[in-house]
Every structure is written in C-alpha cells, then in structure tokens.
Amino acid sequence: MLLPVGYLALRAVEGGAEALEYLARPRTLAIIANSAVLAGSVAAASTAIGVPLAWLTVRTDLPGRRFWGVAGALPLVIPSYVSAFALVAALGPRGMVQGLLEPLGVARLPSIYGFFGAWLALTLSTYPYVFLSVRAGLKGIDPALEEASRSLGGSGWRTFWRVTLPQLRPSIVAGALLVALYTLSDFGAVSIMRHDVFTSAIYVQYTASFNRGLAAALALVLVALTLVVIWIEKRAEGRARYYRCGVGARRAPKPARLGRWRLPAALFCGGVTGLALVAPLAVLAFWLARGLAAGEVLRDVGGPALRSIWVSGLAAGAAGLLALPVAFLAVRYPSRLNAWLGRLTYVGYALPGVVIALALVFFGVRVAPGLYQTVAMLALAYVIRFLPQSVGSVRASLLQVSPRLEEAARSLGRGSLGAFVSITAPLVRPGLVSGSALVFLTAMKELPPTLLLAPTGYDTLATRIWSATTEAFYARGALPALLLVAVSAAALGVMLARAQDQR
Amino acid sequence: MDKMASPYALECRAISKRFGAVRAVETLSLRLRPGAFLALLGPSGCGKTTLLRLIAGFEMPDVGAIVVNGQAVFDADSGLNLPPDRRRVGMVFQEYALFPHMDVAANVGYGLPRGNGRARRVDEALALVGLEGLHRRMPHELSGGQQQRVALARALAPRPDVVLLDEPFSNLDAGLRAHVRAEVRDILRAARVTTVFVTHDQEEALSLADEVAVMMGGRLLQAARPDALYRQPATREVAAFVGEANFLPGEADGTRAICALGAAGLVAHTAPGPVEVVLRPEDLELIADGEGAGVVCAREYFGHDQLVSVRLDDGARVWVRLGPSEAFAVGARVGVRVRESAQVQVFPR
C-alpha cells in the first residue's frame with residue numbers, strides 16, 4: 001500500500017533540482033491556485049444547494065418532501081465525468097443545443113470549457129454529499145433545543161440562525177470537505193472540461209513530457225493537499241460526534257410552515273433535480289436516440305462493457321480475498337501492528353486515482369516490466385484504490401459476530417481454522433459480498449487508472465466516454481454513459497442496503 | 001499426555017491470572033468429584049468468569065495447573081496448554097452463542113464427529129433437554145428458554161467431562177427464571193455430568209448447587225455445601241456476602257457466645273476470648289417493650305416473612321427476621337434478644 005507513495009517520492013527525487021524548479025514555476029503555482037479555487041468554489045456551491053435542500057426536505061411542509069428527499073440524492077449515481085460529458089454534449093461545439101439553434105442562425109455558443117464547465121459539472125454531481133450529511137445532521141438535532149429557543153422569545157429566524165445552524169455546522173463542514181476532496185481527486189470532469197488543475201496537469205505532464213519525474217512531483221504535492229483536507233475532515237468528524245445529542249428526545253419536530261414560499265421552494269427543488277439529474281439523462285437519451293437513428297451506436301459497446309466487467313471483477317475478487325484477513329486481524333487481535341495494517345489499507349482513500357495509476361506505471365516500468373500494461377496491473381490499481389471499501393464492509397459485519405461464537409466452536413472440538421471456516425466465514429459472507437460488489441461497481445466507474453494502465457487498445461466503458469467527448473462523437477459515448485449510470489445506481493443500492501443492515 | 005489416576009473430574013492447582021495490574025484470579029485451588037454440581041458465587045468483577053475461561057482454555061493462567069478427568073490440560077511448569085478443542089470441557093455462554101446461520105440440529109451436532117451416530121446423538125441430546133422435534137428451527141425462532149436449552153444440548157452432545165455455564169440464567173426474565181433453573185438442574189443431573197456454573201445471585205447458588213464456592217477479589221474464600229456455607233461461613237466476608245448478617249462484639253467461653261443481646265450456642269468449638277458474633281436475622285427476636293433498647297426504623301415485608309431493622313440505643317443497627325403476622329410499627333420502641341435456639345459462628349476479634 002505504501003508502494004505508490006514510495007515510488008512517487010523516488011521518482012520525484014530522481015527528477016531532482018529540475019523537479020523543484022518546475023514546482024516553483026508560475027504555471028505550477030497557477031495550477032495550485034486553480035485546484036484550490038475549484039475545490040473551494042465547488043464546495044461552496046454544493047453547500048449553497050445542499051443545505052437549503054436538506055432543510056426543505058426534512059423540516060418543512062414542502063409538498064412531496066419525501067420524493068424530493070430521494071430525488072435530491074439521486075445525482076450521486078451520475079459519475080462526474082458523465083455529467084461533464086452530458087454538459088459538453090449539450091452545450092459544447094456540435095452539441096445538442098447548438099444543433100437545435102443552428103437553423104436560427106446561431107453559429108457559436110459561449111464556450112462551456114474551462115473553469116465554469118468544470119465547476120458546474122462537479123457541483124451538480126457532488127452537492128448530494130452535503131445534502132445527505134446535513135439531512136442526517138438535521139434529523140439528529142434535539143427539537144427541544146429549538147422549542148427552548150422559541151419559549152425564550154426567539155423568533156423563527158433567530159432560532160434558525162442561533163440554534164439550528166450552529167448545530168448543523170459539523171455536518172455542513174463534513175459534507176463540504178468531502179466535496180472538496182472529491183473535487184481535488186477528480187480527473188474525468190476537469191480533463192473533459194480542459195481545465196488545468198492537478199489531476200489533469202499530471203496526466204498531461206505524463207503523456208506529453210519525457211520527464212516523468214515532474215509528474216511525480218506534481219502528484220506528491222496533490223497527495224499533500226489531499227492529506228490536509230482529510231486531516232481537517234477527521235477533526236470535523238470528531239466534533240460532529242461531540243455535537244450530536246443523546247438518544248433522549250427523539251420526537252419528530254413540527255414542520256415549519258412555508259406559506260407563500262411553498263411554490264418558490266418547490267421550484268428550487270425541481271430546478272436542482274432537473275439540472276443535476278433529469279437534464280444529463282435527457283441529453284444522454286437524446287444522443288442515444290440520435291446514434292440509434294444513424295445506426296452506429298450499439299456496435300462496439302459489447303467489447304468495452306465486457307472488458308470493464310472482467311477487470312473490475314478481478315479487482316473485486318482480489319479485494320475480497322485481501323479484506324478478509326486484514327479485517328479479521330484488526331477486529332479480533334487489535335494489536336498496534338494490526339491496527340496499523342488496517343489503517344494502511346486506507347491510504348487508497350487519500351490517493352487520487354491518477355496518483356495511484358502514475359505510481360504503478362513507474363513501478364511497472366522499473367520493477368515489473370512483465371506486469372506493465374497488463375490487466376493484472378490495472379486490477380491492482382483498483383485494489384489499492386478501493387480496498388478500504390471492502391475492508392470496511394467486512395469489518396462492519398465482523399464486528400457483529402460475537403467472539404463467543406468462535407469460542408463455542410472451539411469448546412465443541414474445532415481448531416481455530418475450523419472455527420473460522422465453519423462459523424466466522426459464513427457469518428461475514430454478506431459483508432464480504434457487499435464489499436466486493438461495491439469495489440466492482442466503483443472500479444467500473446474509475447477512469448484515470450484505466451487511461452494510464454490499460455494495455456494498448458484495451459478500452460472500457462469509462463475510457464470510451466472519455467474519448468467520445470474529446471473527439472466530439474457524443475452519440476458513441478451515450479450508451480456507455482447510460483450503462484455507467486446504471487452501474488452507479490446499483491452501487492448506491494448496495495451501500496444503502498448495507499446501511500439498512502447495520503441499523 | 002500424562003494420565004494420572006485421579007478421583008477428581010476437575011482440579012485447579014494454585015492457578016493465577018493477571019491482566020496488567022489486575023489480579024483476576026489469585027493462587028486458586030479447587031477440586032470437583034465426578035458428577036458434582038458447583039456454583040461459583042461472587043460479586044461482579046471477582047474473577048469468576050475469568051476462572052471459567054481459564055478452565056475452558058480461552059485464557060491462559062500465568063502459573064499453576066489444571067487437570068480434567070485425570071489428564072493435565074494446562075501446566076505452567078511443563079509449558080503444557082491444550083487448546084479449547086482438546087480439553088473435553090463444554091461451555092454454555094451467557095448469551096448462549098448459538099450459531100445464527102445453523103438450525104437447531106446443526107448447532108447441536110456441531111461438536112459431534114461425522115457419521116451414523118451423529119443424528120442419533122442429536123436426537124438424544126434434544127430429548128434430554130425436552131426439545132424433540134425442533135430440529136429444523138433456526139435460533140432466532142426460539143424463545144429465550146428454548147435457546148438456552150439448545151445451548152445446553154449442544155454442550156452436552158459430545159459428552160464432555162465437565163460442563164461450564166457462565167451466568168446461565170441472567171438473560172431470562174424473572175418469571176421464567178425459577179422454572180428454567182430447576183429444569184436445567186434436572187437436565188444436568190440426568191446427564192450425570194460434572195458442572196460448574198457462575199452466578200452473582202446467592203439465592204440461585206444456594207438453591208441449585210450441591211456445593212458453593214465463594215470468590216472475592218480473585219481468591220477462593222470458601223467452598224462448602226450451601227447449608228454449611230450459610231451456618232458456618234469461613235470468613236467475615238463470606239458471612240456478609242451470603243445472606244444477611246449482623247455483626248456484634250461479644251465473648252466466647254468455649255461452648256457459648258455472649259453479646260449485648262444475649263447468649264447463643266456455637267456451631268463449632270472456639271477458643272475462649274473476645275469475638276465478633278455473626279447473628280443471622282432469624283437468630284434474633286423482638287419483644288414489645290416500651291422500655292426496650294431499640295427503635296424500629298424500617299420494615300421490609302416479603303409475605304412469607306419480613307425483615308425489620310432496629311436501631312439500638314448504642315447506635316448499632318440490626319436486622320431481625322419475623323414471621324408474616326407479627327406487626328411492629330416503624331418508630332415503636334422494642335426490645336431485641338437472641339433466640340434460645342440460636343447457633344452462631346464467631347470470629348476472633
């Protein structure tokens with residue numbers, strides 16, 4: 001697990017003075033600024049959408065608030081590069097809108113590329129993180145506190161600003177940081193939008209330049225930036241627990257009356273859902289229909305789909321096999337070493353996919369040329385990136401298996417391996433299966449390792465969308481994009497089912 | 001394995017176990033004859049569950065030796081430490097630990113070798129606990145009492161030399177408990193298996209077991225028949241822990257003990273001298289006497305009897321057990337005296 005970071009450091013050091021010099025160049029500083037600004041503005045916009053949406057769907061008499069509650073979270077199923085693809089396919093050159101307007105004499109639309117496009121695509125696909133976090137926070141607030149404020153003479157507004165919002169701060173911060181983290185590590189949306197941030201710069205540096213040490217140096221800076229965000233997030237998380245109220249008052253609070261604000265509120269919810277969910281799907285459907293009419297779409301989707309399934313399946317199987325012993329050691333024998341082993345597997349979370357991919361490229365070229373540009377190497381990248389998901393899942397179900405069960409098996413004459421095979425393994429199987437399913441589904445969506453590590457000509461659904469956008473053959477990307485949305489929906493379903501099990 | 005001729009089903013020889021600075025079990029020795037039914041009684045945290053886990057092999061003692069049915073299963077000196085699966089010691093866990101993914105028959109048959117005998121032994125074990133015909137039920141489809149009996153059948157099926165039960169009745173509600181207790185005892189008697197069960201409930205220990213071992217602070221204070229434990233406690237702690245006891249200063253003169261409330265016979269010969277007299281509430285009686293030496297300050301009425309607390313004029317407080325029909329109002333002045341029939345234990349002062 002430490003291998004990627006170690007290799008990056010090694011390559012960066014080899015780059016030596018040149019790498020340092022490169023890092024100090026104005027262009028690098030601009031990239032740092034771009035990344036920070038993008039992460040900050042996406043987080044801010046997500047908060048501006050997520051917080052009111054959460055409040056409206058949890059605490060008001062908004063008509064159909066249950067429906068909006070589900071619809072508001074659904075954009076999670078659209079990977080950010082798919083929403084970027086949809087944006088470009090709608091508003092880009094030779095896109096849907098321009099095609100519709102052409103008869104009216106509109107030859108050029110304002111460019112969608114650059115900061116604005118990246119910001120819009122990322123905001124629309126990440127605001128659900130804030131939305132869900134704040135919803136959970138709102139549901140955890142003790143309504144008695146607000147009632148206390150009202151009984152002390154505070155108006156509705158005053159109560160919201162002085163009592164409700166401060167209690168929500170930890171969930172808002174946690175959600176916003178998650179969005180920032182996602183934005184920093186995102187590669188697909190920014191490179192489709194041709195916006196110069198770390199991940200896209202690393203890719204360009206890697207593909208266009210002979211000095212790959214520079215790419216490594218950039219990647220290390222990105223890792224440092226990511227670690228800072230994670231560190232802040234961990235601290236915010238600790239506070240959140242502190243803020244949460246006890247199990248005492250669990251009454252549902254009285255919903256706030258919207259009165260004449262009901263219509264604007266409903267329009268807001270409809271607008272957000274329309275932009276983030278309906279519009280992208282409609283664009284994809286449009287191009288799919290267009291392609292079907294031209295008779296060229298269905299060709300060539302089977303191959304990438306099968307390749308996506310095969311390599312993701314490999315990764316899911318390997319992650320499952322690795323997760324079982326790691327989780328078992330961490331839960332049953334919580335020594336310091338095992339705790340570190342468990343934590344080490346979480347390194348993948350801190351590493352953007354493009355960084356892991358780059359590190360494995362170096363590793364492959366230098367140490368294991370036999371592995372370089374093989375499916376196994378690609379699967380390894382997925383495993384490093386997504387092992388935390390399967391370890392977490394197995395760990396959660398293992399925690400529910402009482403050690404007494406294993407002891408009972410021992411006292412009935414089974415050895416420790418026999419007890420593990422006959423009792424523990426069957427009982428954690430659901431966790432193992434859902435963890436592997438999650439790895440499978442997220443690996444199918446993952447773009448950068450596939451771009452950097454796949455054998456030549458080995459295109460998957462994800463790379464197919466990417467190349468369709470860069471070459472402006474939108475009809476070719478529509479079906480893979482819709483398939484990936486379906487895959488993401490399945491991943492979300494697995495996660496929700498697991499959350500239900502743990503309740 | 002060194003097989004020794006031993007008349008005991010279970011022997012613990014001076015075993016100790018520490019967790020960090022905590023002495024969970026301290027130089028503890030214990031012997032059980034085959035078929036014995038021992039209650040391990042003590043307050044929570046006294047080390048009784050640890051002792052059970054040492055015997056079963058889930059924890060390793062620091063020193064000492066454990067012998068099951070003449071075969072050493074642990075010996076600190078020789079470094080012998082048989083794993084739990086080779087000790088022939090069955091265990092019934094507090095929360096039963098039924099395997100949730102197996103039905104009743106699979107749970108009970110888990111410890112049995114594969115083969116023709118397995119199904120028959122499962123039937124026998126289920127018949128023993130009175131659960132014939134529930135083979136295909138899953139654990140979550142059983143009531144608490146049934147789950148416990150399945151756990152018992154599962155532990156008994158491989159015919160272990162010793163069965164250990166950890167707080168076996170604590171998970172049952174009060175109404176069910178008395179009934180299940182008697183049932184479990186009858187099952188274990190019928191199986192003629194040597195049994196150790198852990199409890200913090202003295203009533204449970206005294207009413208069920210042939211022999212009660214009192215543990216406190218990791219030490220075994222006394223192991224005796226229930227009546228001997230109550231009437232002739234070995235130490236002041238045992239006297240205070242098992243049943244209610246009043247402690248009054250007095251003098252022993254060889255055959256009798258004399259204290260402020262009167263004189264009583266001794267349960268055992270004691271050297272003459274100053275002593276602390278253990279007076280059980282039923283050793284005392286109250287007399288309606290406006291000039292008496294005490295005032296009734298509380299009364300707990302149980303139906304079959306009652307406990308009355310009296311504050312004596314010298315400041316001491318004593319509990320007196322009375323029949324159900326005697327009525328002394330709180331605040332009434334009364335006389336307290338030792339019953340003529342009383343036989344008491346004393347400890348040198």
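**Chain B: salt bridges and the contact with chain A**

At 21% relative accessibility, D201(B) counts as partly exposed, since the buried class is reserved for values under 20%. This residue belongs to a predicted model, in which the salt-bridge rule yields a count of 32 over all chains. The points below take up the pairs within chain B, then the interface with chain A, and finally the chain as a whole.

**Salt bridges within chain B**

- D201(B) pairs with R181(B) in a salt bridge whose closest N and O atoms are 3.5 Å apart; because D201(B) sits in the loop between β9 (194-199) and α6 (202-208) while R181(B) belongs to helix α5 (residues 174-191), the pair ties together parts that are 20 residues apart in sequence.
- R181(B), in contrast to its partly exposed partner, counts as buried, with a relative accessibility of 10%.
- A salt bridge also joins the side chains of D210(B) and R189(B), at 2.6 Å from N to O; D210(B) lies in the loop between α6 and β10 (211-216) and R189(B) in helix α5, so this pair links parts 21 residues apart in sequence.
- D210(B) is partly exposed at 35% relative accessibility, and R189(B) is likewise partly exposed at 36%.
- R339(B) and E285(B) form a salt bridge with their closest N and O atoms 3.6 Å apart, and since R339(B) is in the loop between β20 (333-338) and β21 (343-348) whereas E285(B) is in strand β16 (residues 284-288), the parts tied together are 54 residues apart in sequence.
- R339(B) is partly exposed, its relative accessible area being 25%.

**Interface with chain A**

- The contact draws 21 residues from chain B and 18 residues from chain A, and the area buried between the two chains is about 1600 Å², with 63% of it given by carbon and sulfur atoms.
- On the chain B side, D85(B), H101(B) and Y110(B) lose the most area to chain A, together accounting for 36% of what that side buries.
- Three salt bridges cross this interface, and one between R404(A) and E95(B) has its closest N and O atoms 3.8 Å apart.
- The residues of chain B that touch chain A comprise 14 nonpolar, two polar and five charged ones.

**Chain B as a whole**

- Chain B contains eight helices and 21 strands, and its C-alpha trace spans about 80 × 45 × 35 Å along the principal axes.
- Of its 349 residues, 51% count as buried, and the accessible surface of chain B comes to about 15600 Å², with 50% belonging to carbon and sulfur atoms.

How values were computed. Residues are numbered from 1 along each chain as its sequence is written. Chains are lettered from A and ligands numbered from 1 in the order in which they are written. This is a predicted model: local features need pLDDT of at least 70, side-chain atom pairs count only at pLDDT 80 or more; totals for chains, interfaces and linings use all residues. Side-chain values use heavy atoms; hydrogens and water are left out. Contact means heavy atoms within 4.5 Å. Buried area is the accessible area (1.4 Å probe) that two parts lose on being put together, summed over both. A salt bridge is a side-chain nitrogen of Lys or Arg within 4 Å of a carboxyl oxygen of Asp or Glu. Ala, Val, Leu, Ile, Met, Phe, Trp, Tyr, Cys and Pro count as nonpolar, Asp, Glu, Lys and Arg as charged, and the others, Gly among them, as polar. Helices (H or I, at least four residues) and strands (E, at least two) are DSSP runs, numbered from the N terminus. Buried means under 20% relative accessible area, exposed over 50%, partly exposed in between (1.4 Å probe, protein chains only). Accessible areas come from the Shrake-Rupley method with a 1.4 Å probe; for residues, only the protein chains shown count as cover.
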